[in-house]
Amino acid sequence: MAEAVQPVENSVEEILENTTIADVYKAAKQLDGVAKKTRLIESPFFSDMCGNNVFLKPENLQNTGSFKLRGAYNKISQLSDAEKKRGVITASAGNHAQGVAFAAQQLGAHAVICMPAITPILKVEATRALGAEVVLHGDTFDDAYEKSMELQKKKGYVYIHPFNDKEVLLGQGTTALEIIDELKDVDAILVPIGGGGFASGVALATKAVNPNVKVIGVEPEGAACMENSFARGKVSSLTAVDTVADGCAVKTPGDLTYAFCKKYLDQIITVSEMEIMSALLFLIEKHKLIAEGAGVLSLAALNKLPFKGKKVAAIISGGNIDISTISALIDKALIARGRVFCFSVLLPDKPGQLLNVSKVLAETNANVIKLEHNQSKVTDSFKKVVLEITVETNNHDHINKIIKAMNDAGYDVDKIY
C-alpha cells in the first residue's frame, strides 16, 4: 500500500549530519521492555541454498507482528504530554496501523487510524482491539491519507508518518543493534525497502557500529521506488506499483529516507514475484514460520548476493497476512516450482477412457487432486468430452514426463497451469 510522503520539519541535510549512533541507542532504551528482542534463527536450509551462513531475524514474531512497532513507539514516546493529549493520527491499512495503535495505547495517547473502506475486516478489528479509533474512508490509500490530513488539521492531531520521520527510522534501527549484539561477526544484513524507513535505520545503526558490515536493501521488481530514485539521482515516483509484497508497494520514497539510504546502503537488490512467493513457501516448509510477502524479501534475495561463505542476517520484517492471501500465494508458488500441474485432454465420449488416463497417471506417479469430466465444454462435437485434471508433481521434469506419457498414449495435452 503506497504511503504518501510528508516533508520533514528540519532540512534533510541537517538531520543527516546530526543523527548519530547515540540517537539509535536512545531509541533502544525507549523500546526496552516494549519491543521483543527477537532472537536470530540459524538456517541450514537457506545457508545451503545460497552458499552463505544465514541467520533469520524474525520480526514477524514481534509484538503486533512486524518491525513497525519499533518506529511508531519511539516516535510517540518523544511527544510531550500536551501532544499526547491532543492525540496522534496516521493513514495505513497494514502494519503501521497496528504499530501506531499499540504504541499509543501503551503511552496513553488517543490514536486515530484512517483506512480505506475496503480494508479486510480482520485488519480493521485488530487495530480497534489495540484501542485505536478507526476511520474508514474511500477505496484507496490515497483517499484514506487525504482524510487523515483533513482530520489532522481540523483536530490538531500529531501525524505519525510510516517512514519519512527521524524518530521512526531510529526506532527501526534498533533491529540492527540486536543483530550485531547477538552475531558480532556478521558480514552482511539484508533489509526490505518500502518507503525506506526500515532500511535507513538499519543502515545507519550498522555502519555506525561497524562500517565493514554490508547493508543490502531489497525491493520488489514491481515496486522498486528507491532503486528508481537512485538511478535518477533524486527522489522520484513510480507511475504504478504491482507486487505481492503489498507492505512495500510504495511509489515514492521519503526525502529523508532517500538521503539516509543513499549515504549508508551498500547495494539494492530487486526480486521477482516468483522469487518472493518461493521464499515464502520455503520459510513455511523449512522453518514453520508464517510471513507476509514483504516479510520475505530478504530471503528472496539470498541467491543474488555477490559473495559466498559470509555470515548473513536476513530480516523477516513482518507476518501479518490473512489466510486467503497466504493460500493464494502458496498455490502460485507451488505452480512456479512445478509442484502442481493442471492440464486438459479431449477424450472420445465412450466407456474406458477415464480408466486409460488414470493408468497413465498412476504409472508416472502423478497424484490426482482434482478432476472435472465435462461434455458441455466441447461445442463442436457431441462425441467428445473435456477432461481437466490437476495433479501433484515433484518438479518440472516430472511434469514433462507426464506430458510425454500422455502423448505416447495418444492424448494431446493442453497445459492450463
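# Close-up views of the predicted model

**F45 is partly exposed, with a relative accessible area of 24%.** The coordinates shown in this and the following views belong to a predicted model. A value of 24% lies between the limits of 20% and 50% that bound the partly exposed class. F282, by contrast, has a relative accessibility of 18% and counts as buried, because the buried class takes in values under 20%. Ring pairs join F45, F46 and F282 in a cluster. The count of aromatic pairs comes to seven. One of them is formed by F45 and F282, whose ring centres are 4.9 Å apart and whose planes make an angle of 45°, a tilted arrangement. F45 belongs to helix α3 (residues 44-50) and F282 to helix α13 (residues 273-287), so the pair ties together parts that are 237 residues apart in sequence.

**F341 and F343 form a stacked aromatic pair.** The centre-to-centre distance is 4.9 Å, and the planes are 20° apart. Planes under 30 degrees apart count as stacked, so 20° places the pair in that class. Both F341 and F343 are buried.

**Helix α13 crosses helix α15 (residues 323-336) at roughly 105°.** The two axes come within 9 Å. α13 is therefore roughly perpendicular to α15, since that class covers angles from 65 to 115 degrees. From α13, the contact draws on M274, M277, S278, L280, L281 and I284; from α15, on I326, L329, I330, K332, A333, L334 and A336. Sorted by class, the residues of the contact of α13 with α15 are eleven nonpolar, one polar and one charged.

**Helix α11 (residues 225-232) packs against helix α12 (residues 255-264).** The angle is about 75° and the axes lie 11 Å apart. α11 and α12 are therefore roughly perpendicular to each other. On the α11 side the residues are M226, S229 and F230, which meet T257, Y258, C261 and K262 of α12. The contact of α11 with α12 comprises four nonpolar, two polar and one charged residues.

**Six strands form an open sheet in the order β1-β2-β10-β7-β8-β9.** The pairing within this sheet is mixed. β1 (41-42) and β9 (267-271) stand at the edges with a single partner strand each, so one side of each has no neighbour in the sheet. Strand β8 (residues 214-220) pairs with β9 in the parallel sense, over five bridges. Within this region, I216 stands opposite Q267 of β9. Helix α10 (residues 197-209) lies across β7 (188-192), β8 and β10 (311-316). Relative to β7, the direction of α10 is at about 165°; this angle is over 145 degrees and therefore counts as roughly antiparallel.

**Strand β3 (residues 88-91) carries buried residues that point in two directions.** V88 and T90 point one way, whereas I89 and A91 point the other way, and all are buried. In a regular strand the side chains alternate between the two faces of the sheet. β3 runs parallel to strand β4 (residues 111-115), and four bridges join the two. I89 stands opposite V112 of β4.

**T127 lies in helix α7 (residues 121-129).** Its relative accessible area is 0%, so T127 is buried. Apart from neighbours within four places in sequence, T127 is in contact with A97, Q98, A101, I113, M115, A132 and V134. Two of these contact residues, I113 and M115, fall within the residue range of β4.

**K370 lies in strand β12 (residues 367-374).** With a relative accessibility of 56%, K370 counts as exposed, because exposed residues are those over 50%. Not counting residues up to four places away in sequence, K370 touches E388, I389 and T390. The C-alpha atoms of K370 and E292 are 28 Å apart, and the two residues are 78 residues apart in sequence.

**The close-ups are set in a protein chain of 417 residues.** The chain has 17 helices and 14 strands. Its C-alpha trace spans about 80 × 50 × 40 Å along the principal axes. Buried residues make up 55% of the chain. Among contacts with a separation of 6 or more, 73% are between residues 24 or more positions apart.

How values were computed:
Residues are numbered from 1 along each chain as its sequence is written. This is a predicted model: local features need pLDDT of at least 70, side-chain atom pairs count only at pLDDT 80 or more; totals for chains, interfaces and linings use all residues. Side-chain values use heavy atoms; hydrogens and water are left out. Axes are lines fitted to C-alpha atoms, for helices over the stretch in contact, and angles run from 0 to 180 degrees between N-to-C directions. Angles under 35 degrees count as roughly parallel, over 145 as roughly antiparallel, 65 to 115 as roughly perpendicular and the rest as oblique. Contact means heavy atoms within 4.5 Å. Ala, Val, Leu, Ile, Met, Phe, Trp, Tyr, Cys and Pro count as nonpolar, Asp, Glu, Lys and Arg as charged, and the others, Gly among them, as polar. Two strands pair if DSSP finds at least two bridges between them. Rings of Phe, Tyr and Trp (its six-membered ring) pair if their centres lie within 6.5 Å; planes under 30 degrees apart count as stacked, over 60 as edge-to-face and the rest as tilted. Buried means under 20% relative accessible area, exposed over 50%, partly exposed in between (1.4 Å probe, protein chains only).
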